[in-house]
Amino acid sequence: MEGVRGKLKMTKYMEAIGFTKHLPISQADSLVAFELPMPSPEAHDLLVQVTGISVNPVDVGVRQSGSAVLAQPKVIGWDAVGTVVKTGADVTLFQPGDRVFYAGSFKRPGSNSAYQLVDERIVGHAPQKLSDAQAAAIPLTALTAWEGLFEQLEIDPTAKKRNEQKTILIINGSGGVGSMATQLAHWAGLKVIASASRPETIQWVKAHGADQTVNHRHDLVQEVKKLGYSYVDYIFELNNLDAHWTEMARLIKPGGRIASITENRKLVDLKQLTKKRAKFAWEWMFSKSYFQTEDMQSQHDILEKVAHLLDSGQLVTTMTQTFSPINVANLKKAHAIVESNHEIGKVTLTN
Ligand SMILES: NC(=O)c1ccc[n+]([C@@H]2O[C@H](COP(=O)([O-])OP(=O)(O)OC[C@H]3O[C@@H](n4cnc5c(N)ncnc54)[C@H](OP(=O)(O)O)[C@@H]3O)[C@@H](O)[C@H]2O)c1
């Protein structure tokens with residue numbers, strides 16, 4: 001009987017980790033292991049055997065928000081590296097056996113499972129020179145940083161000469177997104193000022209492309225002035241929009257651009273930008289797949305470019321800690337690290 005069940009398990013069921021109750025991570029049932037039916041790919045779907053994942057603040061946010069007990073466990077996880085095992089009828093970009101990496105969709109079950117369905121248009125071939133632990137750190141943060149810099153702040157990454165005359169302030173240079181944004185801004189030729197508040201985060205951002213640093217625990221206007229600037233051309237806000245808004249409005253150059261990836265809890269006072277004609281834009285990495293936008297496949301293109309930059313040594317992985325195997329105990333450790341709000345780079349898990 002056990003043998004039959006074992007065989008069925010291989011084909012009809014898969015292991016997953018999720019939650020039904022929104023509990024502090026220290027509690028026994030905050031994350032639990034269970035079995036799910038094996039999903040089947042349709043249309044543009046890839047069925048991926050997941051071998052590496054990472055944890056982002058969005059995992060913590062979704063796990064913590066809510067009070068209802070869910071009827072079915074919710075599977076989260078928005079970073080994966082793995083191998084394509086089956087493809088839907090409309091797939092053209094990948095074939096079984098391809099090693100891939102992706103962040104995935106906010107509307108579908110996440111990567112904390114043995115197998116996952118993902119739309120090929122938001123997937124890239126994984127960087128060949130990176131291990132699963134190194135590659136799993138990349139997709140969500142690289143997509144956020146790339147879209148924030150090159151779509152929402154409208155920086156042209158090919159205009160390196162022009163970019164050398166421009167300065168960007170990155171608020172939170174040492175977290176997952178900041179570690180990638182700092183590298184990409186440096187790669188695009190910009191002068192990069194990154195914020196970091198501790199000796200180890202200051203050292204980290206300098207090693208990842210920051211020309212100068214400021215301390216986000218002090219007044220950023222004074223900090224930037226001390227470096228010799230009255231204004232900066234671009235600001236990319238990656239930690240707390242409400243806390244940094246007035247500083248940003250004062251620091252942005254007339255005609256400059258600000259983008260943020262964090263949610264506001266207060267109304268954003270755009271009036272502070274009126275006289276400067278400065279622009280403000282949101283970046284949400286999930287927008288394209290959430291709304292199935294016409295340019296959704298641009299996430300495939302971005303991940304392919306990022307993989308090339310990693311393989312050619314122009315970018316480096318931001319993985320700083322990794323656990324193996326992917327199980328409840330290790331996933332809880334990773335959630336606890338991300339919850340600290342002091343993570344440097346990324347934490348990943350692999351099988
Ligand atoms: N919109 C999107 O698509 C998107 C995508 C990814 C992430 N996010 C959001 O963006 C935020 C950052 O994500 P992440 O993964 O980069 O975070 P993270 O890795 O958890 O960031 C940790 C870092 O934040 C720094 N920090 C703490 N307080 C700060 C402050 N007041 N100002 C500036 N920096 C501060 C810490 O540096 P020190 O220890 O030196 O203080 C630490 O190294 C989260 O809120 C996340 O939910 C949004």
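Which backbone atom lies 2.7 Å from an oxygen atom of the ligand? In this predicted model, the atom is a backbone N or O of Met 285. Met 285 is also among the residues that come nearest to the ligand, together with Ser 174, Ser 197, His 216 and Arg 217. In total, 25 residues surround the ligand.

Side chains make polar approaches as well. A polar side-chain atom of Thr 201 lies 2.9 Å from an oxygen atom of the ligand. For Asn 341, a polar side-chain atom lies 3.5 Å from a ligand nitrogen atom.

The strands were examined next. Strand β6 spans residues 115–119. Five of its five residues are buried, so β6 is largely enclosed by the rest of the structure. Tyr 115, Leu 117 and Asp 119 point one way from the strand. Gln 116 and Val 118 point the other way. Both sets are buried.

Strand β3, residues 45–54, runs antiparallel to β6. Five bridges join the two strands. Within this pairing, Leu 47 of the partner strand stands opposite Leu 117 in β6.

Asp 45 also belongs to β3. Its relative accessibility is 9%, so Asp 45 counts as buried. Contacts of Asp 45 beyond its neighbours within four places in sequence include three residues of β6, namely Leu 117, Val 118 and Asp 119. The other partners of Asp 45 are Lys 86, Thr 87, Gly 88, Val 91 and Arg 108.

Attention then turned to the nonpolar interior. In soluble globular proteins, nonpolar side chains tend to be buried together. The largest nonpolar core here holds 78 residues. Ile 138, Leu 149, Ile 168, Leu 184 and Phe 236 touch the most other members. Helix α4, residues 139–152, gives the most to this core, with seven residues. The core draws on both domains: at least three residues come from domain 1 (5–138 + 289–350), and at least three from domain 2 (142–285).

Ile 168 illustrates the packing. Leaving aside its neighbours within four places in sequence, Ile 168 is in contact with Leu 149 and Phe 236. Leu 153, Ile 155, Ala 185, Leu 190, Lys 191, Val 192, Ile 193 and Tyr 234 are also in contact with Ile 168. Apart from the largest core lies another, of 19 residues. Among its members are Ile 193, Met 248, Leu 251 and Ile 258. Ile 193 is thus listed both in this second core and among the contacts of Ile 168.

Terms used. Residues are numbered from 1 along each chain as its sequence is written. This is a predicted model: local features need pLDDT of at least 70, side-chain atom pairs count only at pLDDT 80 or more; totals for chains, interfaces and linings use all residues. Side-chain values use heavy atoms; hydrogens and water are left out. Buried means under 20% relative accessible area, exposed over 50%, partly exposed in between (1.4 Å probe, protein chains only). Two strands pair if DSSP finds at least two bridges between them. A nonpolar core is a set of buried Ala, Val, Leu, Ile, Met, Phe, Trp, Tyr and Cys residues joined through side-chain atoms within 4.5 Å. Domain bounds come from an automatic or database domain assignment. Contact means heavy atoms within 4.5 Å. A residue is near a molecule or strand if one of its heavy atoms lies within 4 Å of it. A polar contact is a pair of N or O atoms within 3.5 Å; within protein, one must be able to donate a hydrogen and the other to accept it, and residues adjacent in sequence count only if both atoms are side-chain atoms.
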